[in-house]
Amino acid sequence: MDRFLRDVIDGLSSEQKTIPSMYFYDESGSKIFQEIMGLEEYYLPACEVEILNNSAESILEQIPFDSIDIIELGAGDGSKMISFLELFHKKIESVTYIPMDISPEILEVNKSTILRQIPDIKIITISGDYTLTTGQLVERENPRLILFMGSNIGNYSGEKAKEFMRFVNDMMKVGDYFLMGVDLKKNPHIIRKAYNDSKGVTKRFNLNLLERINRELKGDFDIDSFGHYGTYNPINGEALSFLFSENNQQVTIGNHVFKFEKYETIRTEISRKYSLKELDSIGKETGFEWDKHFLDSKEYFSLSLFRK
Ligand code: AVI
């Protein structure tokens, strides 16, 4: 059975119905996500860019290598990293940029975007699920800086985030570095608004999951009879997104039937926020020697540098 179908059936069969957030990103979901990234209420990208602009020199100062592999997990189109890579390329004798992403198409865009700006940088693209493709790096001896940007760590639950950090740590030798973009705990109203924007773009992003199921898995979700609701719990730092059924109804996907009670929810995403203290202790717990945090002027977001 197709993995998407299996995950949807498993998710909708559990007590708390879920649909994994990785399925947001089909072609139209990726476009809606770009819209989210441009929303004032969704403050994350602007904060991250501010730190990349203001702190790249200070980050570089921490890293003493004269040759380096910069490996980016879930790299996307690479545009955000141009000035950062430019600086590293200027100051470090030999830089190889290795963007990894599930999508080979986006990696082609990434490569040509970076090469247009930095024509003589070495680039090796690796497509596929990065948990399965890091084997392709084993022969490479250069010291490493691994990047995981955009608060993607937030989309893992607490335990999964630690598993991911251990996985990254296993890719590294002692003395290598890991730089991660993390959204920080802050005034809870600001976080809630980021996931319940006034233009309803995040609602469309969530409903697109149901449209995708209708399109690709022969589902019959009546999209108009589902609402969207985002919560934020300042105690555990979890922003959760839900779709909820406005009526008692039944949905068919292929030959599977799912019943929804009025106001029953489907959990679609977790976007976890961290404190700096939590990041320090997770770093220690998952095998890193130290970490340092580089923040934006509002202290909303951190680029956290971990050294193994
Ligand atoms: C990709 N990820 C870090 C985003 C987030 O903030 O969790 C996805 C997103 N979901 C709703 N808005 C943005």
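## Two domains in one chain

How many residues of domain 1 are in contact with domain 2, and how many of domain 2 with domain 1? Keep that question in mind as you look at the structure, which is a predicted model.

The chain is split into two domains, and each is made of two stretches of sequence: domain 1 covers 3–41 + 189–272, while domain 2 covers 44–186 + 274–307. Going by C-alpha atoms, their centres are 28 Å apart.

## Where the domains meet

Here is the reply to the opening question: 13 residues of domain 1 are in contact with 14 residues of domain 2. Together the two domains bury about 1100 Å² between them, and 52% of this area is on carbon and sulfur atoms. On the domain 1 side, I190, I270 and R272 lose the most area to domain 2, and these three together make up 50% of what that side buries.

## The ligand and its shell

Now let's turn to the ligand. Why does the ligand lie between the two domains? Domain 1 and domain 2 both give residues to the shell around the ligand, so the ligand lies between them.

You can find these residues in the structure yourself: Y25, F33, I36, Y42, G150, S151, N152, N155, Y195, F205, E269 and S271 surround the ligand. Sorted by class, the shell has six nonpolar, five polar and one charged residues.

## Polar partners of the ligand

Three side chains are worth a look here. Y195 places a polar side-chain atom 2.6 Å from a ligand oxygen atom, and S271 has one 2.7 Å from an oxygen atom of the ligand. E269 instead faces a nitrogen atom of the ligand, with a polar side-chain atom 2.7 Å from it.

How much of the ligand's area does the protein bury? Taken alone, the ligand exposes 340 Å², and the protein buries 97% of that. The elements that give two or more residues to the shell are α2 (27–37) and β12 (265–272).

## A loop beside β12

One more residue to visit is E264, which sits in the loop between β11 (256–260) and β12. The side chains of E264 and K17 are joined by a polar contact of 2.7 Å. Leaving out residues up to four places away in sequence, E264 touches K17, L243, F244, S245 and K259.

Key
Residues numbered from 1 in each chain as written. Predicted model: local features only at pLDDT ≥ 70, side-chain atom pairs only at ≥ 80, totals over all residues. Heavy atoms only, no water. Near = heavy atom within 4 Å. Polar contact = N/O pair within 3.5 Å; in protein donor to acceptor, adjacent residues only side chain to side chain. Areas by Shrake-Rupley, 256 points an atom, 1.4 Å probe, with all protein chains shown as cover. Helix = DSSP H or I, 4+ residues; strand = E, 2+ residues; numbered from the N terminus. Nonpolar A, V, L, I, M, F, W, Y, C, P; charged D, E, K, R; others polar. Domains from an automatic or database assignment. Contact = heavy atoms within 4.5 Å. Buried area = accessible area lost by both parts, 1.4 Å probe.
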